[in-house]
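Visitor: I have a model open and would like to go through its labels with you. Could you show it and tell me how each one is earned?

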Amino acid sequence: MTASFTDTNTIKKDIKMYGQVWDEFINKRQIDSLNDIYFAKTSITILSSENIGGVDDFKAYYKNLITGLPDLEFNISKVFEQDEKEKTQKVYFMN
């Protein structure tokens with residue numbers, strides 16, 4: 001999604017949804033909140049070690065992460081957008 005084609009209300013709604021999904025998954029340990037409602041079945045997560053393809057592999061990777069890091073917490077501390085003159089992107093930080 002690019003902000004240049006999206007109104008402010010939609011952006012706020014998307015940020016709220018993003019926060020809710022990750023809060024359920026990371027903070028409340030609700031593994032099934034990672035699903036094809038919120039993530040494309042053909043999504044690819046790019047990591048330094050290897051890429052993860054699809055929702056099931058994504059869920060398995062993060063399930064291992066929260067199992068190995070039981071004190072891991074998620075919150076959105078900043079959301080900002082790049083200048084619309086260039087390709088717009090959102091950057092989310094996890095604490």
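Guide: Gladly! Let's begin with a term: a residue counts as buried when its relative accessible area is under 20%. Keep in mind that this is a predicted model.

Visitor: Which residues of H2 are buried?

Guide: In H2, that label goes to Val 55, Phe 58, Lys 59, Tyr 62 and Ile 66.

Visitor: What makes them lie on the same side of H2?

Guide: Their directions from the axis span an arc of only 95 degrees, so they sit on the same side of H2. As background, an α-helix has 3.6 residues a turn, so residues three or four places apart point the same way.

Visitor: And what do the two faces of H2 meet or carry?

Guide: The buried residues of H2 pack against H1, strand S1 (44–45) and strand S2 (52–53). On the face turned away from the buried side are the exposed residues Asp 56, Asn 64, Thr 67 and Gly 68.

Visitor: Why is the contact between Trp 22 and Tyr 62 called an aromatic pair, and why edge-to-face?

Guide: The ring centres are 5.3 Å apart, and the limit is within 6.5 Å, so they pair. Their planes make 75 degrees; because an angle over 60 counts as edge-to-face, the label follows.

Visitor: What makes this pair a link between distant parts of the chain?

Guide: Trp 22 belongs to helix H1 (residues 8–27) and Tyr 62 to helix H2 (residues 55–68), 40 residues apart. Both Trp 22 and Tyr 62 are buried. They also belong to one aromatic cluster, together with Tyr 18, Phe 25, Phe 58, Tyr 61 and Phe 74.

Conventions
Residues are numbered from 1 along each chain as its sequence is written. This is a predicted model: local features need pLDDT of at least 70, side-chain atom pairs count only at pLDDT 80 or more; totals for chains, interfaces and linings use all residues. Side-chain values use heavy atoms; hydrogens and water are left out. Rings of Phe, Tyr and Trp (its six-membered ring) pair if their centres lie within 6.5 Å; planes under 30 degrees apart count as stacked, over 60 as edge-to-face and the rest as tilted. Helices (H or I, at least four residues) and strands (E, at least two) are DSSP runs, numbered from the N terminus. Buried means under 20% relative accessible area, exposed over 50%, partly exposed in between (1.4 Å probe, protein chains only). The arc is that of the directions from the helix axis to the C-beta atoms. Contact means heavy atoms within 4.5 Å.
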